[in-house]
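Got your viewer open and a selection box ready? Here is a short tour, one stop at a time.

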Amino acid sequence: MTSSSTPGLTRFNTLADGEATPALHEVCASATWGNTILAGRPYATEEALLSASDAAMAELTAEDLAGAMAGHPPIGRPKPGDPTSSREQRGMAGASEELKTEMLELNLAYQERFGHVFLICATGATGEQMRDAVKSRIGNSPEQEQEIVRTELGKINRIRLTRLVTETLAEGPSAQDS
């Protein structure tokens, strides 16, 4: 992680609220989280932005967490046409039909138990690792699972924010001038 401001972070800091809000919504579907991040601008470093994200995630209510989870498709079924969802769930792309079927069944059982999709930071995880995680977590209490979901969302937000300020925003209009 860099300790100074990058062109992408500078661009994020200077975006109009109307442009920054949809970009943040792509990172996390919670309006409360997005408004907190927006209100904290400008960020001196990427680490300051990520720390603000962690702090905002820690303060989300159960209702806010539900809103954040609403933006995530079930594991093994990324949103059609959504490159972020497909990239994050790449570990399921080459999974056997047997594993995909098992994940669908586990997802449904998890959703029935907890009332929301199974959420895990899937970046870099194999299909088997995701299956094993849902199997181990389905026995958790709702309170335990809520805190695990909060942690997993925080990891996802960090990855997505880093991508936002290093890739997408760094390629904005000013990059065309060089």
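Start by selecting C121: this cysteine is buried, at a relative accessible area of 15%. Buried here means under 20% relative accessible area, exposed means over 50%, and partly exposed is in between (1.4 Å probe, protein chains only). Next, pick C28, which is buried too, with 1% relative accessibility. Don't hunt for sulfur bridges, though: the structure has zero disulfides, a disulfide being a pair of cysteine sulfur atoms within 2.5 Å.

A word on what you're looking at: this is a predicted model, where local features need pLDDT of at least 70 and side-chain atom pairs count only at pLDDT 80 or more, while totals for chains, interfaces and linings use all residues. Residues are numbered from 1 along each chain as its sequence is written, and side-chain values use heavy atoms, with hydrogens and water left out.

Now select residues 7-14, helix α1, and find G8, L9, F12 and N13, which are buried. They sit on the same side of α1 because their arc around the axis is only 135 degrees, taken from the directions from the helix axis to the C-beta atoms. Swing round to the other side of α1 for P7 and T14, both exposed.

Zoom out and color by secondary structure: the chain has 11 helices and zero strands (DSSP runs numbered from the N terminus: H or I with at least four residues for helices, E with at least two for strands). Of its 178 residues, 43% are buried.

Last stop, contacts (heavy atoms within 4.5 Å): of those between residues at least 6 apart in sequence, 72% link residues at least 24 apart.
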